[in-house]
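Dear colleague,

Please find below the sequence and structure that I am handing over to you. My notes on what was found follow after it.

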Amino acid sequence: MSVPGATLPDVNEPSAKADLLRYLQSAREALLWKLEGLSEYDARRPLTPTGTNLLGLVKHLAGVEFGYFGDAFARPYFVAEPMPAHYRADGEPNSDMWATADESREEIVGLYRRAWAHSDATVEALPLDAVGHVPWWPEDRRAVTLHRVAIHVITDTQRHAGHADIVRELVDGSAGLLKGNDNMPFDDRASWEAHHRRVERAAREADTR
């Protein structure tokens with residue numbers, strides 16, 4: 001059960017909450033953008049030896065948000081509807097990191113968007129110094145503030161958004177930060193090929209020294 005904790009010093013809570021949610025939402029949208037325009041196969045296919053794939057990242061992060069902003073603060077989401085098997089503690093290992101053929105993209109993206117709404121409601125309802133409990137963390141670290149959990153989830157989401165950047169580039173060469181703001185220095189293939197050659201040349205020269 002969540003109980004008030006020590007007040008964080010010098011924190012303007014409304015502004016702090018807005019900042020946290022803004023950075024979290026930016027990462028969420030960046031991740032979903034990487035799915036746009038892809039076939040079912042390309043959205044799901046593993047591009048690393050450990051099976052990293054785009055739709056699996058979305059599925060995983062939905063569970064992350066339900067766990068940290070829901071269960072950890074006694075606000076479980078899966079009450080009105082059953083918890084998917086891949087989010088249960090007794091589920092198959094790593095089952096939240098990939099999508100079965102029977103799981104639609106719309107279903108997984110919809111679940112992630114519902115996780116957003118549930119998480120945002122938790123942030124809006126509780127003070128940033130509210131204390132929750134993360135049972136899957138080491139015992140001496142399980143008591144956490146909402147502020148710390150928000151930073152943890154933002155960091156995790158940004159990390160996986162970075163994974164998605166690389167996976168999408170491996171799929172079809174698409175790259176960029178956000179829809180409408182790719183934040184890329186070049187916009188033509190010739191420039192990127194020249195850049196790639198420069199980086200490759202520097203790497204080989206360093207290796208021969």
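**Findings**

At a relative accessibility of 37%, Glu40 counts as partly exposed. Please bear in mind throughout that this is a predicted model.

Glu40 is a convenient place to begin, since its side chain meets that of Arg44 in a salt bridge, with 3.0 Å from N to O. Both residues belong to helix α2, which covers residues 40-44, and they stand four residues apart, about one turn of the helix. Arg44, for its part, has a relative accessible area of 18%. Buried means under 20%, so Arg44 is classed as buried.

A search of the whole structure finds twelve salt bridges. Two further pairs are described here, followed by a network.

The first of these pairs is Arg114 with Glu81, whose side chains meet in a salt bridge at 3.5 Å, N to O. Arg114 lies in helix α4 (residues 105-125), whereas Glu81 lies in the loop between α3 (54-70) and α4, so the pair ties together parts that are 33 residues apart in sequence. Arg114 is partly exposed, with a relative accessibility of 35%, and Glu81 is also partly exposed, with a value of 29%.

The other pair is Arg189 and Glu193, which form a salt bridge in which the closest N and O atoms are 2.9 Å apart. These two residues lie in helix α6 (residues 189-208), four residues apart, about one turn of the helix. Which of the classes, buried, partly exposed or exposed, applies to Arg189? With a relative accessible area of 68%, Arg189 is exposed. Glu193 is partly exposed, at 36%.

In addition, a network of salt bridges links Arg28, Glu65 and Asp120.

I turn next to His60, which is placed in helix α3. The relative accessible area of His60 is 16%, and this residue is buried. Which residues does His60 touch, leaving aside those up to four places away in sequence? The contacts are Asp96, Met97, Asp156 and His160.

The largest pocket holds about 470 Å³ of space. Its lining consists of 20 residues, and those nearest the centre of the pocket are Gly63, Val64, His86, Tyr87 and Asp96. Asp96 is thus named twice in these notes: as a contact of His60 and among the residues nearest the centre of the largest pocket. By type, the lining of this pocket divides into nine nonpolar, seven polar and four charged residues.

Finally, two residues deserve a look for their backbone angles. Most residues other than glycine have a negative phi. Ala74, however, has a phi near 55 degrees, a positive value in a residue other than glycine. Ala74 is found in the loop between α3 and α4, and is partly exposed, with a relative accessible area of 48%. Asn183 likewise has a positive phi, near 60 degrees, and is a residue other than glycine. Where is Asn183 found? Asn183 sits in the loop between α5 (146-172) and α6. With a relative accessible area of 55%, Asn183 is exposed; the cut-off for that class is over 50%.

When you open the structure, you may wish to follow these points in the order given above.

With kind regards

Definitions and conventions. Residues numbered from 1 in each chain as written. Predicted model: local features only at pLDDT ≥ 70, side-chain atom pairs only at ≥ 80, totals over all residues. Heavy atoms only, no water. Salt bridge = Lys/Arg side-chain N within 4 Å of Asp/Glu carboxyl O. Buried < 20%, exposed > 50% of the residue type's maximum accessible area, 1.4 Å probe, protein only. Contact = heavy atoms within 4.5 Å. 1 Å grid on protein atoms, 1.4 Å probe; cavity = no way out; pocket = protein on both sides within 12 Å on 5 of 7 lines; lining within 4 Å. Points joined across faces, edges and corners; volume = space filled by probe spheres on them. Nonpolar A, V, L, I, M, F, W, Y, C, P; charged D, E, K, R; others polar.
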